[in-house]
Amino acid sequence: MSEHELRVSKIRNGTVIDHVSGGQALNVLAILGIDGEAGESVSLGINVPSDRLGKKDIVKVEDRELSQSEVDVLSLIAPEATINIVRDYEVVDKLRVERPDFVTGVLSCPNRNCITQANEPVVSKFDVVDDGVRCTYCSTIVREDIADHLDVD
């Protein structure tokens with residue numbers, strides 16, 4: 001085994017999220033609502049060497065397959081990610097994330113004057129644009145640190 005080889009055990013069933021931008025693995029866990037309290041089995045590789053990205057993160061979650069809405073939000077912070085569905089230690093499905101046209105209810109608008117911040121019964125909605133996301137209601141654009149605006153429990 002070379003000194004640059006990553007040693008992480010295979011999972012029996014679950015999801016492997018690979019090619020996540022370096023340093024974003026903890027945000028991936030936040031999107032998935034994983035905080036360790038429910039006893040999930042999770043493996044993380046943070047800032048590991050990658051030929052394609054320079055540095056990448058890898059997240060393995062046992063006994064869980066992601067919903068489309070989770071994949072949509074992941075695409076905002078990890079546009080290069082690949083998602084591998086594993087069953088009985090074999091990859092049965094491999095897909096690249098695709099950025100959706102919009103996301104609803106997963107980000108909070110940073111504009112304090114936005115209607116979504118006014119205790120109104122309005123769910124946040126952001127249009128996904130080339131360089132970030134734009135609030136549908138007030139047109140505020142978030143280009144960097146999108147994960148800082150995650151509205152996850």
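**Four cysteines and a buried aspartate**

C135 sits at just 1% relative accessibility, so it counts as buried. Keep in mind as you look around that this is a predicted model. C135 belongs to strand 8, which covers residues 132-135. If you skip residues up to four places away in sequence, C135 touches C109, C114, K125, F126 and T140. Two cysteines are on that list, C109 and C114, and they turn up again in the database record.

UniProt, in an unreviewed entry, lists C109, C114, C135 and C138 under "binding site". These four are spread over 30 residues of sequence, yet they cluster in space, with a largest C-alpha distance of 8.8 Å.

Now hop over to C114. You'll find C114 in the loop between strand 6 (102-104) and strand 7 (125-129). With a relative accessibility of 2%, C114 is buried too, because the cut-off for that label is under 20%. Ignoring neighbours within four places in sequence, the contacts of C114 are C109, C135, Y137 and C138. So the other three listed cysteines are all there, with Y137 alongside them.

What about C138, buried or exposed? Neither, quite: C138 comes out at 25% relative accessibility, so it's classed as partly exposed.

With these cysteines gathered together, how many disulfides does the model have? The count is zero. For C114, the nearest cysteine sulfur is that of C135, 3.7 Å away, and C114 is in no disulfide. Why doesn't C138 pair up with C109? Its closest cysteine sulfur is indeed the one in C109, but the gap is 3.6 Å, which is too far for a bond because the cut-off is 2.5 Å. As a reminder of what's missing here, a disulfide is a covalent bond between the sulfur atoms of two cysteines.

Last stop: helix 2, residues 68-77, where D72 is found. D72 is buried, yet it has no salt bridge. The nearest side chain of opposite charge is R99, and R99 is 10 Å away, whereas a salt bridge needs the charged atoms within 4 Å. What does D72 contact, then, once neighbours within four places in sequence are left aside? The answer is E98, P100 and V103.

Conventions
Residues are numbered from 1 along each chain as its sequence is written. This is a predicted model: local features need pLDDT of at least 70, side-chain atom pairs count only at pLDDT 80 or more; totals for chains, interfaces and linings use all residues. Side-chain values use heavy atoms; hydrogens and water are left out. UniProt positions are given in the numbering used here, feature names are shortened, and annotations may be inferred rather than shown by experiment. Helices (H or I, at least four residues) and strands (E, at least two) are DSSP runs, numbered from the N terminus. Buried means under 20% relative accessible area, exposed over 50%, partly exposed in between (1.4 Å probe, protein chains only). Contact means heavy atoms within 4.5 Å. Lys and Arg count as positive and Asp and Glu as negative; His and the chain ends are not counted.
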